[in-house]
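Biologist: I'd like to go through the charged pairs here and hear the reasoning behind each label. Can you bring the model up?

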Amino acid sequence: MHIDLASSSSRRLELLRQVNIEPVVIPSRHQEIELDLGDPVAYARNSAELKLKGAFPWPGNGVAVAADTVVHLRGRLLGKPE
């Protein structure tokens, strides 16, 4: 099965390889902005969808994987570590 990874994350690539999946890496052109939308699950889902659309602007016929990770602590969405 052909799988595309809409990410340049070495960690996501490593996770897929651990389950014997060798995806084609297609980095997303989506520029991340950090907004606290209140619901961390909705934020991560929305961000992953934007990353997917940034890598594949039109619907494809294969399987594509996109993801985002967020840290939510005491009601606050924390940004990426510096």
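Modeller: Sure. Keep in mind that this is a predicted model. Let's start with Lys53, which is partly exposed at 48% relative accessibility.

Biologist: Why is Lys53 called partly exposed?

Modeller: Its relative accessibility is 48%, and exposed would need over 50% while buried would need under 20%, so partly exposed is the label left.

Biologist: And what makes Glu49 and Lys53 a salt bridge?

Modeller: Their closest N and O atoms are 3.0 Å apart, and the cut-off is within 4 Å, so the pair counts. Glu49 and Lys53 sit four residues apart in helix α2 (residues 40–55), so about one helical turn separates them. Glu49 is partly exposed too, at 41%.

Biologist: What about Asp68 and Lys51, how do you know that they pair up?

Modeller: The closest N and O atoms are 3.2 Å apart, again within 4 Å, so that's a salt bridge. This pair links distant parts of the chain: Asp68 is in the loop between β3 (63–65) and β4 (71–73), and Lys51 is in helix α2, 17 residues apart.

Biologist: Are those two buried or exposed?

Modeller: Buried: Asp68 has a relative accessible area of 14% and Lys51 is at 10%. Buried means under 20%, so both labels follow.

Biologist: Why is Glu22 called exposed?

Modeller: Glu22 comes in at 54%, and exposed means over 50%, so the label fits. Its salt-bridge partner is Arg17, at 2.8 Å from N to O, and Arg17 is partly exposed at 43%.

Biologist: How many salt bridges does the structure hold?

Modeller: Four, and the pairs we've discussed are among them.

Terms used
Residues are numbered from 1 along each chain as its sequence is written. This is a predicted model: local features need pLDDT of at least 70, side-chain atom pairs count only at pLDDT 80 or more; totals for chains, interfaces and linings use all residues. Side-chain values use heavy atoms; hydrogens and water are left out. A salt bridge is a side-chain nitrogen of Lys or Arg within 4 Å of a carboxyl oxygen of Asp or Glu. Buried means under 20% relative accessible area, exposed over 50%, partly exposed in between (1.4 Å probe, protein chains only). Helices (H or I, at least four residues) and strands (E, at least two) are DSSP runs, numbered from the N terminus.
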